[in-house]
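Reader: Could you take me through one part of this structure slowly, the place where two helices meet, and then show me what else surrounds it in the fold? I would like to follow along residue by residue.

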Amino acid sequence: MANLSVNIGSTTFKNPIFVASGTFGYGTENPELVDISKLGAIVTKSITLNPREGNPPPRIVETSSGMINSIGLANIGVEKYISNMLPVYEEMDTPIIMNIAGSSMTEYMDIMKKVEAVSSSIVGYEINISCPNVKEGGMEFGVDCAMTEKLTGKLRKLTDRLLIMKLSPNVTDIAAIATSSENGGANAVSAINTVVGMSINHRSRFSDIYTTFGGLSGPAIKPVGLACVHKVYNAVNIPIIGIGGIVNSTDVIEYFLAGSCSVQVGTANFRNPGITEIILNELNNYLDEKGIDSISSLIGSVKTHD
Ligand SMILES: Cc1cc2nc3c(=O)[nH]c(=O)nc-3n(C[C@H](O)[C@H](O)[C@H](O)COP(=O)(O)O)c2cc1C
């Protein structure tokens with residue numbers, strides 16, 4: 001069997017198949033549907049300082065080859081995350097990456113300070129600077145190089161754990177934002193969050209989403225994700241976690257060729273919460289058939305025509 005382990009910072013993950021923030025709850029919801037011990041890591045849904053109800057419905061709609069959501073960061077808030085979830089994570093042997101969202105630098109920092117102040121085994125943080133659905137989603141940071149570098153630097157000082165900045169495709173130059181994350185001291189970047197989209201019911205003439213615009217995800221955005229990862233790969237020396245439209249092992253291979261060192265599966269979990277186990281088995285078979293010893297050997301090895 002091929003070696004599926006991947007390194008990000010000083011952490012080794014047993015395989016590169018992670019589940020994406022917001023698509024797998026707090027990681028404890030569906031024990032009968034998925035064997036979480038098989039996952040490389042779980043990225044938990046975005047946590048803000050205070051609990052949030054999220055946006056009013058309708059906040060999810062199916063589209064061609066994907067879905068649009070405008071959940072609006074509904075979550076239990078950091079205090080409950082600390083009291084209710086961290087003790088549960090102590091009993092799990094699957095690495096947990098906590099995703100944080102905020103509306104100001106202070107909010108991101110306060111959340112991290114609170115988590116760092118208690119004992120826990122989470123392996124790191126993914127910083128959501130890319131939620132398109134609410135003003136608190138960090139986009140203010142994710143579209144601005146100087147703000148990204150400053151925020152990354154401030155968070156870097158607060159933790160020795162993995163620090164991963166989650167990038168938005170809804171920017172002029174994603175490579176520049178990735179470079180700012182690297183300069184600020186991030187161990188890795190993850191790309192991409194959802195792509196701004198809109199869906200309209202031609203009969204009612206209403207937008208299908210309460211907030212008019214939402215975040216498009218699923219297979220429809222895979223080409224956008226691959227392009228973003230490859231642009232970032234050409235710009236930085238830190239690992240990239242590829243996200244966007246992954247539903248099978250070939251998608252994973254393509255993300256590795258583009259430059260990813262691991263991936264996150266998002267929307268596909270809604271269709272089949274056990275999809276990651278299937279992807280992992282397929283991936284093992286693919287690598288064995290091709291005689292590839294280590295998945296890491298594929299990182300960034302796409303052939304281009306220039
Ligand atoms: C319903 C839903 C909720 C999401 N919530 C979050 C979130 O709380 N934080 C975050 O960083 N990303 C969130 N995302 C974005 C995903 O983590 C992922 O970046 C995106 O969906 C692209 O991957 P996919 O095409 O595999 O779904 C959410 C996506 C969906 C579909």
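**Helix contacts and sheets**

Author: Happy to. Helix α7, residues 249-258, packs against helix α9, residues 275-290, at an angle of about 65 degrees, and their axes are 8 Å apart. Angles of 65 to 115 degrees count as roughly perpendicular, so α7 is roughly perpendicular to α9. Please keep in mind that this is a predicted model.

Now to the residues that meet there. From α7 come Ser249, Val252 and Ile253, and they face Ile279, Glu282, Leu283 and Tyr286 of α9. Sorted by class, this contact holds five nonpolar residues, one polar and one charged. As for its handedness, α7 passes α9 in a right-handed crossing.

A second helix pair makes a good companion to this one. Helix α2 (residues 105-116) and helix α4 (residues 145-156) cross at roughly 20 degrees, and their axes come within 10 Å. Angles under 35 degrees count as roughly parallel, so α2 is roughly parallel to α4. The crossing of α2 past α4 is right-handed. On the α2 side you will find Met105, Tyr108, Met109 and Met112, while α4 brings Leu151, Lys154 and Leu155 to the contact. By class, six of the residues between α2 and α4 are nonpolar, none is polar and one is charged.

Let us turn to the strands. A closed barrel is built from eight strands in the order β3-β4-β7-β8-β9-β10-β13-β14, and the pairing is parallel. On average, neighbouring strands of this barrel are turned by 25 degrees against each other, direction ignored. To see one pair up close, look at β9 (residues 162-167) and β10 (residues 188-191), which run parallel and are joined by four bridges. Within this pair, Leu167 of β9 stands opposite Ala191 in β10. Helix α5, residues 174-184, packs on this sheet and touches both β9 and β10. The direction of α5 makes about 160 degrees with that of β9.

There is also an open sheet of four strands, ordered β5-β6-β12-β11, and here the pairing is antiparallel. Its edges are β5 (60-63) and β11 (195-197); each has a single partner strand, so one side of each has no neighbour in the sheet. The twist from one strand to the next averages 35 degrees. Strands β6 (residues 66-69) and β12 (residues 214-217) run antiparallel and are connected by three bridges. Along them, Ile68 has Leu216 of β12 as its bridge partner, and Asn69 stands opposite Gly215 in β12. Three bridges also pair β11 with β12 in the antiparallel sense. In that pair, Gly197 stands opposite Gly214 of β12.

Finally, the ligand. It is surrounded by 26 residues, and the closest are Ala20, Gly22, Ser217, Gly266 and Thr267. Of these, Ser217 takes us back to the open sheet, as β12 covers residues 214-217. The shell around the ligand is made up of nine nonpolar, 15 polar and two charged residues.

If you go back to your starting point with the model in view, begin at Ser249, Val252 and Ile253 in α7 and look across to their counterparts in α9. Then compare the angle of about 65 degrees there with the crossing of roughly 20 degrees between α2 and α4.

Conventions: Residues are numbered from 1 along each chain as its sequence is written. This is a predicted model: local features need pLDDT of at least 70, side-chain atom pairs count only at pLDDT 80 or more; totals for chains, interfaces and linings use all residues. Two strands pair if DSSP finds at least two bridges between them. Helices (H or I, at least four residues) and strands (E, at least two) are DSSP runs, numbered from the N terminus. Axes are lines fitted to C-alpha atoms, for helices over the stretch in contact, and angles run from 0 to 180 degrees between N-to-C directions. A residue is near a molecule or strand if its C-beta atom, placed from the backbone, lies within 6 Å of it. Ala, Val, Leu, Ile, Met, Phe, Trp, Tyr, Cys and Pro count as nonpolar, Asp, Glu, Lys and Arg as charged, and the others, Gly among them, as polar. Angles under 35 degrees count as roughly parallel, over 145 as roughly antiparallel, 65 to 115 as roughly perpendicular and the rest as oblique. A crossing is left-handed if the near helix is turned anticlockwise from the far one by less than a right angle, and right-handed if clockwise. Two residues are in contact if their C-beta atoms, placed from the backbone, lie within 7 Å.
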